[in-house]
Amino acid sequence: MDINQKQIDAWNSETLPIYEPGLPEVVKECRGKNLFFSTAVDDEIEKADIIFISVNTPTKTKGIGAGRAANIKNCELCARQIAKVATSNKIVVEKSTVPVRTAQAIARVLKSNDKGLSFQVLSNPEFLAEGTAIDDLFAPDRVLIGGQQTPEGLAAAEKLVSVYANWVPRERILTTNLWSSELSKLVANAFLAQRVSSINSISALCEATGADVSEISRAVGMDDRIGKRFLQSSVGFGGSCFQKDILNLVYLCETFGLEECAHYWNQVVVMNDYQKKRFSEKVVGSMFNTVTGKKIAMLGYAFKKDTGDVRETPSMFVLRDLLQEGSRMHIYDPQVTRDDMWIEMDYTCGVNHDNTPGLDESVITETDAYSACDGAHAICILTEWDEFKTLDYEKIFKSMAKPAFIFDGRNILDHAALRKIGYEVHCIGKPDPTKFTDL
Ligand code: UGA
């Protein structure tokens, strides 16, 4: 259910409102059988036994905790609506990512109904990642369900366990108390983001010393205690979750007077900002300290491959920085729409057509990589789309202004081959062979 008719119409159409591999197949198979999309919120609340609250909880933009605390307004509104229209007992599940102890607020709102109904609140955070959402759904590492440690709370949790147990092995379904479940979600994202910031901090050191960050990731990750995954150095992490959830965690720590803990986690975001800035500075610095009037091709705009999502995408910050330097930007991404680009740019960076004249002339969105690169002074790879690995870089080189620069913000290209063609290549955390030699 959603109150947005346009969204629901799209979910009921052949063109779903989001790009996610495997999703159209699942929707096609289930829609009209056991999957329905509707705006009839009140009717559906009445019929349901279990209601998932899956609304967004963005970082507050004003008021107390602005810029860090999560806004749970939408969760509260859902709870109020449920309390208002329900005519039978319900299990209400927090699916949205929320600050720890939000269940308490939801439970209080629900309990304020005067119809003598009983509601059980469960926490069931979502751990799927965009681009792999369907695989994550079918084979999750774990499902986490938090409930009140009372007979009623435990019974409600067991009911939800039995739903997941239809396809998830029982040993992968964890049950905890409410607060552990709520907090685990923030901590999981904080740990993942911390790994990216940790390896990105090392990438800067690699560039200064001649070490290779990919070799370091491999060497370090082969220690089972550390693990291989999430050690891919990049232009920085993006997406709607990592930064928001860490800032939420930072705010929680501050709220409880835990300044050192807050500072520790905030540093993950500081490092990410540094990495994005470092990339833009490297582009400008390498191109003789000026990109004014130069055409720069940006390949990839989504925050990661296999999604069209641009929320907090590192590309946006690089675009903003390079626009400020006066470059002409030509952007190609197979899934991102121009509208989404501008909406996010305005929301996050405050850059829009009203306060920044000439945006449409300085930023061209292209329908293929070759036209984006034609005549460009530089190529920036900002999303790791597979198709960028197999482009004809010889052909592209011939069409570019010389010297032709490539800045590989995802380390996905064959850098030696590109150098052989004649490109000046800059990557993340890898030695520039002209600067460093072996012993
Ligand atoms: C993340 C978590 O991985 C999910 O478990 C969680 O459910 C989700 O947030 C959420 O809270 O909704 P997501 O943001 O979709 O999922 O994408 P990730 O795969 O985690 O990637 C996040 C960012 O980190 C991307 O920009 C990605 O390119 C970057 N990243 C990831 C790296 O730069 N290096 C890596 O090694 C891994």
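**View 1. Strand β4 is covered on both faces.** V143, I145 and G147 on one side of β4, and L144 and G146 on the other, are all buried. Buried means under 20% relative accessible area, exposed over 50%, and partly exposed in between, with a 1.4 Å probe and protein chains only. Five of the five residues of β4 (residues 143-147) are buried, so the strand is largely enclosed by the rest of the structure. Strands (E, at least two residues) and helices (H or I, at least four) are DSSP runs, numbered from the N terminus.

This is a predicted model: local features need pLDDT of at least 70, side-chain atom pairs count only at pLDDT 80 or more, and totals for chains, interfaces and linings use all residues. Residues are numbered from 1 along each chain as its sequence is written, and side-chain values use heavy atoms, without hydrogens and water.

**View 2. β4 pairs with β5.** The two strands run in the parallel sense over five bridges, with β5 spanning residues 173-177. Strands pair if DSSP finds at least two bridges between them. V143 stands opposite I173 in β5. From β4 the chain crosses through helix α7 (residues 151-164) to β5, a right-handed β-α-β crossover. Right-handed means that, with the strands pointing away from the viewer, the path from the first strand over the helix to the second runs clockwise.

**View 3. The ligand has 20 residues around it**. Those that come nearest are F127, L128, K185, S234 and R410. A residue counts as near if one of its heavy atoms lies within 4 Å. By class, the shell has 11 nonpolar, four polar and five charged residues. Helix α8 (residues 178-209) gives the most to it, with four residues.

**View 4. Oxygen atoms of the ligand meet polar atoms of the protein**. A polar backbone atom of L128 is 2.7 Å from a ligand oxygen. For an N or O atom in the side chain of K185, the distance is 2.6 Å. A polar side-chain atom of R410 lies 2.7 Å from an oxygen atom of the ligand. The protein covers 89% of the 710 Å² of accessible area that the ligand has on its own. Accessible areas come from the Shrake-Rupley method with a 1.4 Å probe.

**View 5. Three loops hold backbone exceptions**. Most residues other than glycine have a negative phi, and most peptide bonds are trans. The bond from K402 to P403 is cis, with omega near -5°. P403 sits in the loop between α16 (393-399) and β10 (405-408). F288 has a positive phi of about 65° and is exposed, at 56% relative accessible area. N411 has a positive phi of about 50° but is buried, at 13%.

How values were computed
Polar contact = N/O pair within 3.5 Å; in protein donor to acceptor, adjacent residues only side chain to side chain. Nonpolar A, V, L, I, M, F, W, Y, C, P; charged D, E, K, R; others polar.
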